[in-house]
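Subject: Structure for you to look at, with notes

Dear colleague,

Here is the structure I promised to pass on, with the sequence alongside. Please open both before reading on, as my notes follow below.

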Amino acid sequence: MSDTWTLGSRSFRSRLIIGSGKYASFEQNRACAEASGSEMVTVALRRTKLDAPRGEGLLDHLSPERFTLLPNTAGCYSAADAITTARLGRELLGTELVKLEVIGDERTLFPDVTATLEAARTLVGEGFTVLPYVTDDPVACQKLAALGCAAVMPLGAPIGSGMGIRNPANLRIILETVEVPVIVDAGVGTASDAAIAMELGCAAVLMNTGIALAKDPVKMARAMRLAVESGRLAYEAGRMPRRLYASASSPTDGLASF
């Protein structure tokens, strides 16, 4: 894509962010990252062995020289745990980026909005570029943007559900009321879901399970890449107005009478 978008001080061409969990192997993860065209890969600090023997770890396959690594606080259930995990990520990976997750319910994996706001306030104050995972609640997104978060990441549907964009109306409101990038995070199951998010005007889409658990993850990664690109182009082009009744494709002026 020729257009770029920014997160804090960083610019990106790809509007697709992928994860690093649930893949059959690190090699498959790398193949999917390449096929997706993604420039950014999330790393769950609590679930990734960053000190694995040489050649056997995630970073041996997804090099920070090739991909921007986005540490996330997945698995944290309190603001304090998320803050500590974010600090650990900055120390281990040498980045100020953090995808902030504070889970409020173990079954649905919905975020704890109050704890997310608390953690975001602290991390922004410490100079982090904070990307918070949050419900598709316009008010919560406005508050996170006002705190100084570099983006907001409302869910499209529950994590890992593959249900797609369940509430496009709320996403439209969020897009109209915050001035930071809106990144759909969670719930994307197939290429059409990604295209819908981009057609709404979202800056990017983050996904993991939709690619990792596809029958052919590499093909799905490429499909997601094309969907994100086509959705962005459609958004920029501007769709035709919806009409209740038919409208002839060919002009009717000057038709000959028989």
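Before I come to the notes, one term: a helix here is a DSSP run of H or I that covers at least four residues, and helices are numbered from the N terminus. Just after one of these, helix 7, Gly201 takes a positive phi of about 115°. Please keep in mind throughout that this is a predicted model.

The chain as a whole

The chain's secondary structure comes to nine helices and 10 strands. A compact globule of 258 residues would have a radius of gyration near 18 Å, and the chain, at 20 Å, agrees with that. Along the principal axes, the C-alpha trace spans about 85 × 40 × 35 Å. Of the 258 residues, 49% count as buried, and among the contacts with a separation of 6 or more, 64% are made by residues that lie 24 or more positions apart.

Helix 7 and its surroundings

Helix 7 runs over residues 191–200 and is mostly covered, with seven of its 10 residues buried. Those buried residues are Ala191, Asp193, Ala194, Ala195, Ala197, Met198 and Leu200, and they pack against helix 6 (168–177), strand 9 (183–185), strand 10 (204–207) and helix 9 (217–237).

On the helix 9 side, Val228 is worth selecting, since this residue of helix 9 has 4% relative accessibility and therefore counts as buried, the limit being under 20%. Leaving out residues up to four places away in sequence, Val228 touches Arg15, Leu16, Ala194 and Met198; of these, Ala194 and Met198 are among the buried residues of helix 7. Val228 and Ser14 are 214 residues apart in sequence, yet their C-alpha atoms are 8.8 Å apart in space.

The nonpolar cores

Which residues touch the most other members of the largest nonpolar core? Of its 60 residues, they are Leu100, Leu123, Val130, Met207, Ile211 and Met224. Helix 7 gives the most to this core, with six residues. A second, separate core of 15 residues includes Trp5, Leu7, Ala150 and Ala203.

Ile211, when residues up to four places away in sequence are not counted, touches Ile18, Tyr23, Cys32, Pro217, Met220, Ala221 and Met224. One of these partners, Cys32, sits in helix 1 and is buried, with a relative accessible area of 0%. With the same sequence neighbours left out, up to four places away, Cys32 touches Ile18, Tyr23, Ile211, Pro217, Val218 and Ala221, so that Ile18, Tyr23, Pro217 and Ala221 appear in the lists of both residues. The C-alpha atoms of Cys32 and Gly210 are separated by 11 Å, although their positions lie 178 residues apart along the chain.

Helix 3 against helix 4

Helix 3 (residues 79–93) and helix 4 (residues 113–125) pack at an angle of about 35°, their axes being 9 Å apart, and the crossing is right-handed. From helix 3, Ala79, Ala82, Ile83, Ala86 and Arg87 meet Ala115, Glu118, Ala119, Thr122 and Leu123 of helix 4. Sorted by class, this contact has seven nonpolar, one polar and two charged residues. Leu123 thus appears in this contact and also among the residues that touch the most other members of the largest core.

Loops to check

Most residues other than glycine have a negative phi, and two loop positions are worth a look on that account. Lys22, in the loop between strand 3 (16–18) and helix 1 (26–36), has a positive phi near 75°. Leu109, in the loop between strand 6 (97–100) and helix 4, has a positive phi near 60°, and at 27% relative accessibility it counts as partly exposed.

Is Glu65 buried or exposed? Glu65 is found in the loop between helix 2 (58–61) and strand 5 (68–72), and at 79% relative accessibility it counts as exposed. Glu65 and Gly210 are 145 residues apart in sequence and 26 Å apart in space, C-alpha to C-alpha.

With best wishes

Conventions: Residues numbered from 1 in each chain as written. Predicted model: local features only at pLDDT ≥ 70, side-chain atom pairs only at ≥ 80, totals over all residues. Heavy atoms only, no water. Buried < 20%, exposed > 50% of the residue type's maximum accessible area, 1.4 Å probe, protein only. Helix = DSSP H or I, 4+ residues; strand = E, 2+ residues; numbered from the N terminus. Contact = heavy atoms within 4.5 Å. Axes fitted to C-alpha atoms, helices over the stretch in contact; angles between N-to-C directions. Left-handed = near helix turned anticlockwise from the far one by under 90°. Nonpolar A, V, L, I, M, F, W, Y, C, P; charged D, E, K, R; others polar. Core = buried A, V, L, I, M, F, W, Y, C linked by side-chain atoms within 4.5 Å. Rg over C-alpha atoms; globule rule 2.2 N^0.38 Å.
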